[in-house]
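Colleague: Could you take a close look at the salt bridges in this model and describe the side chains that take part in them?

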Amino acid sequence: MKYSKAEFIFPEELLRIIQEYVQGELVYIPKPKEAHLKWGEKTLSKSMVSSKRRD
């Protein structure tokens, strides 16, 4: 997870609306569920574990 300045990401109007709810704090914005990967899809971990079980 990386840190990004809100003033560079959000349009000014949206930033003002967000500031009505939170100011000076870190806020985590999760990915949409459709963008989530299942365990091991990004690396070879899943296939490595599966192959070790067969040995």
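Modeller: Lys 5 is a suitable place to begin: with a relative accessible area of 42%, Lys 5 is partly exposed (buried means under 20%, exposed over 50% and partly exposed in between, with a 1.4 Å probe and protein chains only). This is a predicted model, in which local features need pLDDT of at least 70 and side-chain atom pairs count only at pLDDT 80 or more, while totals for chains, interfaces and linings use all residues. Residues are numbered from 1 along each chain as its sequence is written, and side-chain values use heavy atoms, with hydrogens and water left out.

The partner of Lys 5 in a salt bridge is Glu 7, with 3.9 Å between the closest N and O atoms; the term requires a side-chain nitrogen of Lys or Arg within 4 Å of a carboxyl oxygen of Asp or Glu. Glu 7 itself is exposed, at 52% relative accessible area. Side chains of opposite charge can pair when their charged atoms come close.

A search of the whole structure gives two salt bridges. Besides the pair just described, Arg 16 and Glu 12 meet through their side chains, at 2.5 Å from N to O. About one helical turn separates Arg 16 from Glu 12, because they are four residues apart in helix α2 (helices are DSSP runs of H or I with at least four residues, numbered from the N terminus). Arg 16 has 47% relative accessibility and therefore counts as partly exposed, whereas Glu 12, at 57%, counts as exposed.

Helix α2 also holds Tyr 21, and Tyr 21 counts as exposed because its relative accessibility is 71%.

How values were computed: Helices (H or I, at least four residues) and strands (E, at least two) are DSSP runs, numbered from the N terminus.
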